[in-house]
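Work through the exercises below with the sequence and the model at hand. Each task is followed by a solution in steps.

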Amino acid sequence: MRGRGRARERRTEDRVPRRERKEQTMPIARAKTPPPPPPPPAAAAGREEEMEPAIWGRLPDELLDLILALLPLHTLVALRPTCKRFHSLLLSPSFLSLLHSPSSSPAFLLLSHPQFSNRFLHLYDSFADGWRPLRLLPSAAASPSQLLSSSYGLLCFSLLPSRPSSLLISNLLTKTSKFVPLPTSDPLSDATLVSLPSSTPHGYKIFLPSSSSNSVFVYDSASFAWTRFPGFDLILDRGNSHQEGVFFDGALYFTTHEPFSVVGFDLQSGKWEPMASPSLPTELAFVRLVGDGGNRLYLVGGVGRDGISRSLRVWELVGKDGKGKARAWEEVGRLPEMMCRKFVSVCYHNYSHVYCLWHEGLVCVCCTTWPEVLFYKVARGTWHWLPRCPMLPEKWSCGFRWYSFVPDLYALV
């Protein structure tokens, strides 16, 4: 019986056309699931810009404060209930100073010393109250170099003896540098770099006194050229001081030998003009100029007789020349007696080693023979000593040079 059933099934299959038989035996293909639509461009970009909480958690507090200071005030107020740190931000004097400052860019004090490696400079972060090494670019670290000047993000080096005929201009933030050929073969004593802060890309100028002729050279990065101008004998005498020119009101200002006076050099016209008014304070043993790079000019001087300072004072130039109130030097600070005794003992009444600089609201008084810095807080009217750098060896030598360093992304070399 089974054999007859199988034969009947085979005869039935023979009567079915081959095409229909093939269609019956072919498996049914599964329908493919369509791919998900791509995310919108805005959502994809948002995911790429997200930062993991673990990365934010490792940021230093001072860097996080700089980022938060960019937020609007109402956002900071709304963040106060979220945690204790945000609640205390608006009560912190250091954070409030970031909110009220015209720029939230960090600023550092740079220390150059012969006993440091030529691959590093050491900087002091006043916000974090700490020191850290700053690695130089390979162009400056390849051979012994000497830092000559600093101005808003740019550093000027001499590269003796490897390249005695050039200066090196570097921006450590953008990691760019450029060699500027010197216009003369005279031995290089010093140079003043002038770079003004701006929210757009900007260049710089270099003021270079000649050691063999009564002339000065000015380099303009816009024209890539040096211009020679007549010099001023009392200024070009490098035995005058270690002080650089101070940029104020569109010109570089210097102090002369006794009898002390102030003269200005116009970087555009190349003309020297003495500051006719006001007259300097009396009984000065030495005098230095300090400027904030804008519209403020300060005078730092030792007051005494016979070349011996009995006190150290700071004056500010007030009033307008030719308009309204006449210009005058107004005393704004006087060093306390005990601190003055230390300062006098440090410089041994040899004031040729004393130089001054401006650093973010501070008038800094430095000495090439001493590792500490005396500074005056203009806003508070207080004096302080900055202790010596802990990275200095126990037996240190002279040659301390301090500079103000404000990183600037828009400073072009």
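A residue is called buried under 20% relative accessible area, exposed over 50%, and partly exposed in between. The model used here is predicted.

**Exercise 1.** Classify Asp-249 and Arg-327, and state what their salt bridge ties together.

Step 1. Arg-327 has a relative accessible area of 17%, so Arg-327 is buried.
Step 2. Asp-249 reaches 54% relative accessibility and therefore counts as exposed.
Step 3. The two side chains meet in a salt bridge at 3.8 Å, N to O.
Step 4. Asp-249 sits in the loop between strands S12 and S13, and Arg-327 in strand S19, so the pair ties together parts 78 residues apart in sequence.

**Exercise 2.** Describe the salt bridge between Glu-283 and Arg-305.

Step 1. The N to O distance is 3.3 Å.
Step 2. Glu-283 belongs to the loop between strands S15 and S16, Arg-305 to strand S17, and the two are 22 residues apart.
Step 3. With 40% relative accessible area Glu-283 is partly exposed, whereas Arg-305, with 61%, is exposed.

**Exercise 3.** Which residues are joined with Arg-334 into one network by salt bridges that share partners?

Step 1. Arg-334 forms a salt bridge with Glu-331 at 3.0 Å, N to O.
Step 2. Shared partners join Arg-313, Glu-331 and Arg-334 into one network.

**Exercise 4.** Give the strand order and the edge strands of the open sheet that contains S8.

Step 1. The order of the 4 strands is S8-S9-S10-S11, with antiparallel pairing.
Step 2. S8 (192–194) and S11 (225–230) are the edge strands, as each pairs on one side only.
Step 3. Inside the sheet, S9 and S10 pair over 5 bridges, and Ile-206 has Tyr-219 in S10 as its bridge partner.

Note on methods. Residues numbered from 1 in each chain as written. Predicted model: local features only at pLDDT ≥ 70, side-chain atom pairs only at ≥ 80, totals over all residues. Heavy atoms only, no water. Pairing = 2+ DSSP bridges. Salt bridge = Lys/Arg side-chain N within 4 Å of Asp/Glu carboxyl O. Buried < 20%, exposed > 50% of the residue type's maximum accessible area, 1.4 Å probe, protein only.
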